[in-house]
Amino acid sequence: MIYEAIIIGGGPAGLSAALNFGRGMRHTLVIDDHNPRNQVTDESHGYLTQDGIPPRLFRQRAANDVTKYKHVKQTDDRVIEVTKKNNLFYVATKNSSYVTQQVLIATGLRESLPNIDNIEAFYGKSVFYCPWCDGYEMRNKTLAIINPTQAIMHLAKIVTNFAKEIILFTDGTDVLDQAEKQLLKKKQIPLYHQKVIGMKGQDGQVTALQLENGVEVPIEGAFTYVNWDTNFDFLKSLPIERDETGKFKVDSLGQTSIPGLFVAGEAKESFAGQLIDAAANGGMTAKMMMMQQFEKEFTK
Ligand SMILES: Cc1cc2nc3c(=O)[nH]c(=O)nc-3n(C[C@H](O)[C@H](O)[C@H](O)COP(=O)(O)OP(=O)(O)OC[C@H]3O[C@@H](n4cnc5c(N)ncnc54)[C@H](O)[C@@H]3O)c2cc1C
């Protein structure tokens, strides 16, 4: 069988797209390997009607909504290659292969944490990257901000809103100018340039950062940088155009430079957002994809 659309990724972007495809009665397959970035955390915040929901329950509920629509199938598998021939896409997975007219990349981001000993033990529990997602839960604490770029000042402004006290760590760089350093001094905000080499604490609660010069700085939580990209191996056979930052070039419908290949959610932004943004974008992109199908069918 030839699917009308295959969605790679069953997070909020992919499942919101799937819900719309189901309601549009389009033969659709969702392929997801259940390895989302937010699985390290216990609660998701800020999604209207779902505030505080465990990420796994959010996904289960979203998948249940989609199950009602018989045109959509969901499979637990990993996409390993996508190729295109004669206007059709061939999607190879670990366990099978499929053919489809359109593909939606809804894979989220590929994430890697900074090279700090033990960070995995605290990431998603008391160490986060997004103050809009988790700042409220970290309120009234002494919070580290770890970031080796100019963005550290931007984060300082946001995290100050939540914290009792902030401490800045530029992790081996000296990115701030004199005016910024003076402002921090005036506000009595400590600034460390040394590399952060480790985290200490227990049961997910970070209690100190270890610096390369042997100093330990006590903290009660942290917002750290993480690294993201969308250079997925399964896209290697497709000559997709990207901008200078590596972001997919897309038109106003969310279509990449390959006709019929769309992208939604965090993969589209090439930057982390929130569940509600990903879901909204997935739903809208599915409608744009269906519109492309309807145009073809109506005018042929
Ligand atoms: C620690 C942490 C805390 C967060 N807290 C919040 C919060 O409180 N509130 C909030 O709104 N947001 C929060 N977020 C952000 C939120 O998780 C994302 O914005 C959202 O999940 C992005 O949705 P998405 O559908 O684009 O991608 P994802 O949810 O990442 O889903 C992508 C899916 O694609 C699958 N996939 C990837 N590649 C393949 C492949 N080759 N084959 C098959 N499947 C594949 C993945 O396994 C995954 O299931 C948090 C994120 C993290 C990491």
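In the predicted model, the ligand is surrounded by 36 residues, of which Asp32, Asp33, His45, Arg59 and Glu266 are the closest. Classified by residue type, this shell comprises 14 nonpolar, 14 polar and 8 charged residues.

Several contacts to oxygen atoms of the ligand can be described individually. A polar side-chain atom of Glu266, one of the closest residues, is placed 2.6 Å from a ligand oxygen atom. The backbone also takes part: an N or O atom of the main chain of Ala13 lies 3.0 Å from an oxygen atom of the ligand, and for Leu275 the corresponding distance from a backbone N or O atom to a ligand oxygen is 2.9 Å. On its own, the ligand has 1,000 Å² of accessible area, and the protein covers 97% of this area. Two or more residues of the shell are contributed by each of the elements α1 (12–23), β2 (28–32), α4 (131–134) and α8 (275–299).

Aromatic interactions were then examined across the whole structure, and the search returned 7 aromatic pairs. Among them, Tyr3 and Tyr98 adopt an edge-to-face arrangement, with a centre-to-centre distance of 6.3 Å and an angle of 65° between the planes. Tyr3 belongs to strand β1 (residues 2–8) and Tyr98 to strand β6 (residues 97–105), so this pair ties together parts that are 95 residues apart in sequence. Both Tyr3 and Tyr98 are buried.

A further edge-to-face pair is formed by Tyr47 and Phe58, whose ring centres are 5.1 Å apart and whose planes meet at 65°. Tyr47 is located in the loop between β2 and α2 (55–67), whereas Phe58 is part of helix α2; the pair therefore ties together parts separated by 11 residues in sequence. The relative accessibility of Phe58 is 11%, and Phe58 counts as buried because this value falls under the 20% cut-off. Strand β2, which precedes this loop, is also among the elements that give two or more residues to the ligand shell.

Two other aromatic features were identified. Tyr129, Trp228 and Phe271 together form one aromatic cluster. In addition, the ring of Tyr136 is associated with a charged group: the charged end of Arg139 sits over this ring, at 4.0 Å from its centre.

Conventions: Residues are numbered from 1 along each chain as its sequence is written. This is a predicted model: local features need pLDDT of at least 70, side-chain atom pairs count only at pLDDT 80 or more; totals for chains, interfaces and linings use all residues. Side-chain values use heavy atoms; hydrogens and water are left out. A residue is near a molecule or strand if one of its heavy atoms lies within 4 Å of it. A polar contact is a pair of N or O atoms within 3.5 Å; within protein, one must be able to donate a hydrogen and the other to accept it, and residues adjacent in sequence count only if both atoms are side-chain atoms. Accessible areas come from the Shrake-Rupley method with a 1.4 Å probe; for residues, only the protein chains shown count as cover. Helices (H or I, at least four residues) and strands (E, at least two) are DSSP runs, numbered from the N terminus. Ala, Val, Leu, Ile, Met, Phe, Trp, Tyr, Cys and Pro count as nonpolar, Asp, Glu, Lys and Arg as charged, and the others, Gly among them, as polar. Rings of Phe, Tyr and Trp (its six-membered ring) pair if their centres lie within 6.5 Å; planes under 30 degrees apart count as stacked, over 60 as edge-to-face and the rest as tilted. Buried means under 20% relative accessible area, exposed over 50%, partly exposed in between (1.4 Å probe, protein chains only). A charge sits over a ring if NZ of Lys or CZ of Arg is within 6 Å of the ring centre and within 35 degrees of the ring normal.
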